[in-house]
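Thank you for letting me take this slot today. I would like to walk you through one protein, going from its sheet to its pockets, and I will explain the terms as they come up.

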Amino acid sequence: MSYDARPLVHDCAMSARLPATSPRDARFATAHAPDVAVSRLAAGAQRRGILPPREEVMIGRVKERRVVLERHVPRTRNAFKPVFVGRFQPVGAGSVLVGRFAMHWSVRAFLAFWFGFAVLWTGGAVVQVIAGTPRAWLLLPVGGVLGLIGAGLVAFGRSLAQTDIAWLSARITAALDSPPDR
């Protein structure tokens with residue numbers, strides 16, 4: 001088995017400007033009208049129930065104005081996994097599912113609280129050191145440790161879900177291109 005150690009080279013020319021879309025932004029075009037595309041995508045996704053499915057599936061809600069989909073892996077919980085949130089837009093005779101892959105809003109709110117607390121703790125410790133409080137310097141590393149723990153949790157969760165965007169994208173594309181139900 002051969003191994004190619006050459007660096008990855010992109011086919012397109014690199015620009016000094018930032019790209020117009022984020023790598024987590026997504027567009028799925030289909031030749032079907034929005035109502036047909038919604039029914040096809042809904043047929044390819046399971047609704048979240050009381051008991052989790054026993055197989056790996058795409059779960060979520062599909063409506064024309066709001067699509068929320070995620071990958072379900074049995075016996076695995078990962079709050080940091082990406083969730084697709086989007087909506088259908090009519091384009092000519094077809095439609096486009098436009099959306100974004102991101103962590104759930106509640107996880108982002110928790111992380112904002114976590115990192116905000118780490119910054120406030122560090123700021124408070126710095127104020128205490130400047131004010132001359134005895135042994136206040138012992139409080140300084142706590143904010144850094146909180147920040148490192150948070151960053152480590154996010155990195156670990158993202159590494160567990162590194163294939164979720166590609167997996168979901170393939171399932172969404174397959175569902176939109178599926179043959180009509182008869």
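Let me begin with a definition: two strands are said to pair if DSSP finds at least two bridges between them, and the strands themselves (E, at least two residues) are, like the helices (H or I, at least four residues), DSSP runs numbered from the N terminus. What we are looking at is a predicted model, in which local features need pLDDT of at least 70 and side-chain atom pairs count only at pLDDT 80 or more, while totals for chains, interfaces and linings use all residues. Residues are numbered from 1 along each chain as its sequence is written, and side-chain values use heavy atoms, with hydrogens and water left out.

The protein has four helices and five strands, and from the N terminus on these elements follow one another as β-α-β-β-β-β-α-α-α. Of its 182 residues, 31% are buried, where buried means under 20% relative accessible area, exposed means over 50%, and partly exposed lies in between, using a 1.4 Å probe and protein chains only.

Now to the sheet. Five strands form an open sheet in the order β1-β5-β4-β3-β2, with antiparallel pairing. Why is one side of β1 and of β2 left without a neighbour in the sheet? These two strands, β1 (25–30) and β2 (57–62), stand at the edges and each has a single partner strand, so there is nothing in the sheet on the other side. From one strand to the next, the twist averages 25 degrees, with axes taken as lines fitted to C-alpha atoms, for helices over the stretch in contact, and angles running from 0 to 180 degrees between N-to-C directions.

Within the sheet, β4 and β5 pair in the antiparallel sense over nine bridges; G86 has G99 in β5 as its bridge partner, and P90 stands opposite S95 in β5. In the hairpin that these two strands make, with two residues between them, G92 takes a positive phi near 60 degrees. On to β3 and β4, which run antiparallel and are joined by three bridges, with L69 having F84 in β4 as its bridge partner. Helix α4 (residues 164–176) lies across β1, β2, β3, β4 and β5, and runs at about 120 degrees to β3.

Let me pause at one residue, V129, which is placed in helix α2. Is V129 buried, exposed or partly exposed? Because its relative accessibility is 36%, V129 counts as partly exposed. Leaving aside residues up to four places away in sequence, V129 touches A136, W137 and L140, where a contact means heavy atoms within 4.5 Å.

Finally, the pockets: on a 1 Å grid over the protein atoms alone, a pocket is an open set of points where a 1.4 Å probe fits, with protein on both sides within 12 Å along at least five of seven lines, and lining residues have an atom within 4 Å of a point. A volume is the space filled by probe spheres set on the points, and grid points are joined across faces, edges and corners. The largest pocket has a volume of about 530 Å³, and of the 23 residues that line this pocket, R48, E70, H72, R77 and K81 are the closest to its centre. The elements giving two or more residues to that lining are β3 (67–72) and α2 (105–131). The second largest pocket has a volume of about 190 Å³, and its lining includes R61, W105 and R108.
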